[in-house]
Amino acid sequence: MEHAFNQTPRAGVKIYYDRDCGFCVCAVGLIRTLFLLPQIESAGAQSEPAIEAAMRQRNSWVVLDADGAHHFGYDAVLVVAAVSRVFRFFMLVLNLDITRRWGERIYRCVATHRWTSCALPANSSLQPKSRS
């Protein structure tokens, strides 16, 4: 069991977020910490025009899985949880239809109202370091 906790996340999973949104910057930092994923790659969506367009169109962060497929909203949460040393053990529950429905509703609510918190300081200690 100890070996499973020492494994690094699968290569290729990358989080793209709105780097102009202080809330988003802090949220990615919290995900790194709470999901025990300090090495996961992340970058502002503005660094890739196609990713930024998808982010704005769907009002969602964009997570690329190990195969390069784009994931949005709660589905993106599941991709990140699956590579987490902690949350991957809860994937059966996180993938239940009811959990997915409520997860997406909660994600949509947060995404819709994030602008009220975007002024959070982008230079916060929770700001993710870009990993490429």
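**Figure 1. Helix H2 and the residues that it buries.** The buried residues of helix H2 are Gly 22, Cys 24, Val 25, Cys 26, Val 28, Gly 29, Ile 31 and Arg 32. The view is taken from a predicted model. Strand E1, strand E2 and helix H4 are the elements against which these buried residues of H2 pack. H2 has 13 residues, and at 1.5 Å a residue the helix should span 18 Å; the C-alpha atoms at its ends are 18 Å apart, which agrees. Just after H2, Leu 36 adopts a positive phi of about 55°.

**Figure 2. Polar contact between Ser 42 and Arg 32.** The side chains of Ser 42 and Arg 32 are joined by a polar contact of 2.5 Å. Ser 42 belongs to strand E2, which comprises residues 41–44. With a relative accessible area of 0%, Ser 42 is buried. Arg 32, its partner, is among the buried residues of H2. Strand E2 is also one of the elements against which the buried residues of H2 pack.

**Figure 3. The whole chain, shown for orientation.** The secondary structure consists of six helices and four strands. Along the sequence these elements follow the pattern α-β-α-β-α-β-β-α-α-α. The chain has 132 residues, of which 41% are buried. Of the contacts between residues at least 6 apart in sequence, 69% join residues at least 24 apart. The accessible surface of the chain comes to about 7,700 Å², and carbon and sulfur atoms account for 61% of that surface.

**Figure 4. Helix H4 and its covering elements.** Helix H4 spans residues 73–83 and is mostly covered, with eight of its eleven residues buried. The buried residues of H4 are Gly 73, Tyr 74, Ala 76, Leu 78, Val 79, Val 80, Ala 81 and Val 83. Their cover includes strand E1 (14–17), strand E3 (62–64) and strand E4 (70–72). Helices also contribute to this cover, including H2 (22–34), H5 and H6. Asp 75, which lies in helix H4, counts as partly exposed at 29% relative accessibility.

**Figure 5. Salt bridge between Asp 75 and Arg 100.** Asp 75 forms a salt bridge with Arg 100, and the closest N and O atoms of the pair are 3.6 Å apart. The pair links distant parts of the chain, with Asp 75 in helix H4 and Arg 100 in helix H6, 25 residues apart. Arg 100 has a relative accessible area of 30% and is partly exposed. Asp 75 is likewise partly exposed, at 29%. Helix H6 is also among the elements that cover the buried residues of H4.

**Figure 6. Salt bridge between Asp 18 and Arg 114.** The count for the chain comes to four salt bridges. One of them joins the side chains of Asp 18 and Arg 114, at 3.2 Å from N to O. Asp 18 lies in the loop between E1 and H2, whereas Arg 114 lies in the segment after H6, so the pair ties together parts that are 96 residues apart in sequence. Both Asp 18 and Arg 114 are buried.

**Figure 7. Salt bridge within helix H3.** The side chains of Glu 52 and Arg 56 meet in a salt bridge of 3.1 Å, N to O. Both residues lie in helix H3 (residues 49–58), where they are four residues apart, about one turn of the helix. An α-helix has 3.6 residues a turn, so residues three or four places apart point the same way. Glu 52 is partly exposed, with a relative accessible area of 22%. Arg 56, at 44% relative accessibility, also counts as partly exposed.

**Figure 8. Nonpolar surface patch at helices H5 and H6.** A nonpolar patch of about 720 Å² on the surface is made by Leu 92, Val 93, Leu 96, Ile 98, Trp 102, Ile 106 and Val 110. Helix H5 (91–94) and helix H6 (97–113) each supply at least two residues of the patch. H6 provides the largest share, four residues. Ile 98 is a member of the patch and is located in helix H6. With a relative accessible area of 48%, Ile 98 is partly exposed. Both H5 and H6 also appear among the elements covering the buried residues of H4.

Conventions. Residues are numbered from 1 along each chain as its sequence is written. This is a predicted model: local features need pLDDT of at least 70, side-chain atom pairs count only at pLDDT 80 or more; totals for chains, interfaces and linings use all residues. Side-chain values use heavy atoms; hydrogens and water are left out. Patches are made of residues with over 30% relative accessible area and no salt bridge: like charges are joined within 9 Å, nonpolar side chains (Val, Leu, Ile, Met, Phe, Trp, Tyr) within 5 Å. Accessible areas come from the Shrake-Rupley method with a 1.4 Å probe; for residues, only the protein chains shown count as cover. Buried means under 20% relative accessible area, exposed over 50%, partly exposed in between (1.4 Å probe, protein chains only). Contact means heavy atoms within 4.5 Å. A polar contact is a pair of N or O atoms within 3.5 Å; within protein, one must be able to donate a hydrogen and the other to accept it, and residues adjacent in sequence count only if both atoms are side-chain atoms. The expected span of a helix is 1.5 Å times one less than its number of residues.
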